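Me: Could you take me through one part of this protein in detail? I would like to see how its strands fit together, and then how that part sits in the whole chain.

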Amino acid sequence: MADYRGKIVEPNLVWINDKFEAGIKLKISQNGIIEEISREISGDVVELPQFALIPGFINAHSHAFHRNLRGQSGIGCQESDTFWKWRDAMYKLVENISYDNFKQLCKGTFEEMINAGITTVGEFHYVHHENDRFNLDNAVIEAAQEAGIRLVLIETLYSRSGFNAETVNKEQKRFESKIDEFIKHLKILEKSTNSTTTLAVAAHSTRAVDTEGIQTLWRYASENNKSFHIHLEEQPKEIEDCINSFHRLRPSELLLDKMYPVTSKLTVVHCTYTLREHLNVFAKKDVNICICPLTEGFLGDGIPDLNDTDHLCLGTDCNNRINFLEEMRWLTYCQNMKHNRRNCCKLDATKLLQIATFNGAKSLGLEGAVGKFEVGQQFDYVAFDLESKRLKDFKAPNMLLDAVIFGAGNEEIAAVGVAGIERKQK
Ligand SMILES: [Zn+2]
């Protein structure tokens, strides 16, 4: 496999400053960082005439093991007509899981992500315990390292089965931990981090973690400069249950009330049924909103009411279909269909790419490290094949990105690299 560390590369086209440019060379350091970008770099050059290079896609929300439910969607059947019935099938999947089994599930998913141009994954990980406490966390880390994907392990707290519950149900036993034990474990996990494996934290949802747990974890995240993620208002039932609990508030109101001050370190995932007035508050506070269009369609969640002030990023969530170009275009298509227009949220190809790269990096606490071709950033890339049947007639620099985002698939991805090392498998 190609290894561009310590080399100078010159692809046919490179995505720099929101446009494709020809004649650009990138000098890559021995540890995979972009050292120089210029038309004039002397030395031996590796020419890549068939490649149009864009920064690697950043997947801000994944549950890698969910992919194993592929082939059992139940779509169209009465027995699995709601999100909650699909969730029961997912619980069955983890009932008898082993370390090796879990690692293989994650590795298969991560390899598929690499082949889809995803170079960084934010793994929202809540299946922690096999026989030992938290031993499955290591299975995720090993799987990512073996697949060669950059991992942000979003270590997820899950403490109860519902708003009025004290603890979890028996099928949630592998997820369960108390806040004190969880924070103690975060400090141990910190020792497993390196240049391609970093740590963020999550509360699974306002349903699965009480407000005290959310507050304590938010404080920990703020003090330790960690990103904080949470599922929010994906289903109407979650909102009804929260209002009917002693809180008498919607989950968004609960967060805005308890996570003071809310900052850009927060990512709220889904927001399918979040009121526009609360989305406006998130927009003002630079909170990241992670949308997972293929999953939301697959699970029958719904379509959020977005506008162009929202700070959006994307996730593959249940991983039934791993195709980040589809996530991008369906982010637009859902809004187009909802509003009967073609200019919703200013979601053109350039903005969609920014959402799929730079915005994902911001959500995962990796801004400055990945998401752009800039000096000092990691050389994480996706190369599109300019001679492929779908793209060869549309490779003019002013047409190509639009052709890629709205017309291409994983088949047109010729190469994918992380920190200068090619990782795509044939
Ligand atoms: Zn999720």
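Reply: Let's begin with one pair of residues: Val152 has Thr198 in strand 9 as its bridge partner. Keep in mind as you look that this is a predicted model. That pair belongs to a longer contact, since strand 8 (residues 150-157) and strand 9 (residues 197-203) run parallel and are joined by seven bridges. In general, the strands of a sheet pair through backbone hydrogen bonds, in either a parallel or an antiparallel way.

Now widen the view. Strands 8 and 9 sit within an open sheet of eight strands, ordered 6-7-8-9-10-11-12-13, with parallel pairing. At the edges you will find strand 6 (57-62) and strand 13 (311-314); each has a single partner strand, so one side of each has no neighbour in the sheet. Going from one strand to the next, the twist averages 25 degrees.

Next, the whole chain. The protein is divided into domain 1, covering 8-55 + 372-422, and domain 2, covering 57-363. Taken over C-alpha atoms, the centres of these two domains are 30 Å apart. Where they touch, domain 1 gives 18 residues to the contact and domain 2 gives 21.

Look at the domain 1 side of that contact: strand 5 (45-55), helix 13 (400-407) and strand 15 (413-418) each supply at least two residues. Helix 13 provides the largest share, with four residues. Sorted by class, this side of domain 1 has twelve nonpolar, four charged and two polar residues.

Definitions and conventions: Residues numbered from 1 in each chain as written. Predicted model: local features only at pLDDT ≥ 70, side-chain atom pairs only at ≥ 80, totals over all residues. Domains from an automatic or database assignment. Contact = placed C-beta atoms within 7 Å. Nonpolar A, V, L, I, M, F, W, Y, C, P; charged D, E, K, R; others polar. Pairing = 2+ DSSP bridges. Axes fitted to C-alpha atoms, helices over the stretch in contact; angles between N-to-C directions.
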